[in-house]
Amino acid sequence: MKRCRISFCGAGNWVRKYHIPELRKRSDRFEIAGFYDLFPEKAQEAAAGSCRVYDSFEALAGDPETDVVLVATKPVETHFENTMRLLDAGKNVILEKPMTYSSRECDALIARAREKGVLFTVHHNLRCSICLKAVQEVLRQGILGDPVCVDIVSPRSWYDEHDFSNYAVHMVDQAFAVNRSALTEVSAYFVHPENPMGSCGYGEALLRFAEPPVIHISIKPLPQKQSVGDPVPFRGYFRFRVCGTEDSFAIDDLGPLPNAEDLLSRQYYYFDMREPDFSRPEFRAHLNDGFYEYFYESWANGAPLLVTPEDGRNAVRCIELMTESARSGRAVKASGMIPGIKEAAL
């Protein structure tokens, strides 16, 4: 099995706490080639003496031994320039979400990747959530009747001007993985609608598509102070709730994250009448697969990308539409979306 040599542009906490451990689990398929960061000490800490530290961006972009570069720089406004320079250099790129804060910039990156003929994707790791996979499987089984609505919820106490879109873009991406038909209308509110897209605090949105289900996204404050302590502080909050004409299904990952064994042993999910069947071999075979499994198959074997650049771009455009709706106080038509693939890779 050939190994994919991956280097990093940016070596912050998320790279050190998430990407490096995930890649080390897959050492038969991936090798970490090196790190570049504007702050050399961060690159040196991430490299830990075991791989290369690039002394310049040009050295990173020009390394012939690097198969793919993951861009994980902050702030998000740096994504466009860094990614464009790497694409110009002919590098395959994985870009951390959100792709950028501008759908126009996303379009420019997609066009350049096509021009250069390189692999380009966005790291939406929550596309591999076991809970999302369970929702997709339940909808595939049709046990709910005709799907009507899906709630995607995350309780977070963001009263200040925190970055709503940086997390909400995960939820939008999951919404598009559930409903692959064309988005038609968006209605949203933010607690700070006057601020730029990157600093909106908590909020919610209703997404209507050409075909059902309607999808409701909610990031709401969860009261933290209680006169009597509750051992289940997220009581009543389900990460996903799916309602159809004949049944409903809900799954919870707001406490300990469920794993494949929990799902198959009927932990963490709820239903009204018909119990889902998660025994289908094709479903079980991919339960533990994460983002890097799918990326490797794309890089090594030409398989479809789990998250296409068009997916990442449409999630950004949806956040723009949510911002427009929140500022205007009305629903807006889903203009400016581009066609994506009809079926999700999962």
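The exercises below, each with a worked solution, concern a predicted model.

In this predicted model, local features need pLDDT of at least 70 and side-chain atom pairs count only at pLDDT 80 or more, while totals for chains, interfaces and linings use all residues. Residues are numbered from 1 along each chain as its sequence is written, and side-chain values use heavy atoms, with hydrogens and water left out.

**Exercise 1. Determine the strand order of the open sheet of eight strands, and identify its edge strands.**

Solution. Helices (H or I, at least four residues) and strands (E, at least two) are DSSP runs, numbered from the N terminus. Two strands pair if DSSP finds at least two bridges between them.

Step 1. The order is β13-β12-β11-β7-β10-β9-β8-β14, and the pairing is mixed.

Step 2. The edge strands, each pairing on one side only, are β13 (269-271) and β14 (332-333).

Step 3. Between β12 (residues 248-251) and β13 the pairing is antiparallel, over three bridges. Ile251 has Tyr269 of β13 as its bridge partner.

Step 4. Helix α6 (residues 130-141) packs on this sheet and touches β7 (147-155), β11 (240-244) and β12; contact means heavy atoms within 4.5 Å. The direction of α6 makes about 165° with that of β12, where axes are lines fitted to C-alpha atoms, for helices over the stretch in contact, and angles run from 0 to 180 degrees between N-to-C directions.

**Exercise 2. Establish how the buried residues of helix α5 are arranged about its axis.**

Solution.

Step 1. The buried residues of α5 (residues 103-116) are Ser103, Cys106, Leu109, Ile110 and Ala113. Buried means under 20% relative accessible area, exposed over 50%, and partly exposed in between (1.4 Å probe, protein chains only).

Step 2. Seen down the axis of α5, these residues fall within an arc of 115°, so they line one face of the helix. The arc is that of the directions from the helix axis to the C-beta atoms.

Step 3. The buried residues pack against α4 (79-88), β5 (92-96), β6 (120-123) and α11. Arg104 and Glu115, which are exposed, lie on the face turned away from the buried side.

**Exercise 3. Locate the two cis peptide bonds that involve Pro98 and Pro213.**

Solution.

Step 1. Lys97 and Pro98 are joined by a cis peptide bond with omega of about -15°. Pro98 is in the loop between β5 and α5.

Step 2. Pro212 and Pro213 are joined by a cis peptide bond with omega of about 10°. Pro213 lies in the loop between β9 and β10 (214-220).

Conventions. The expected span of a helix is 1.5 Å times one less than its number of residues.
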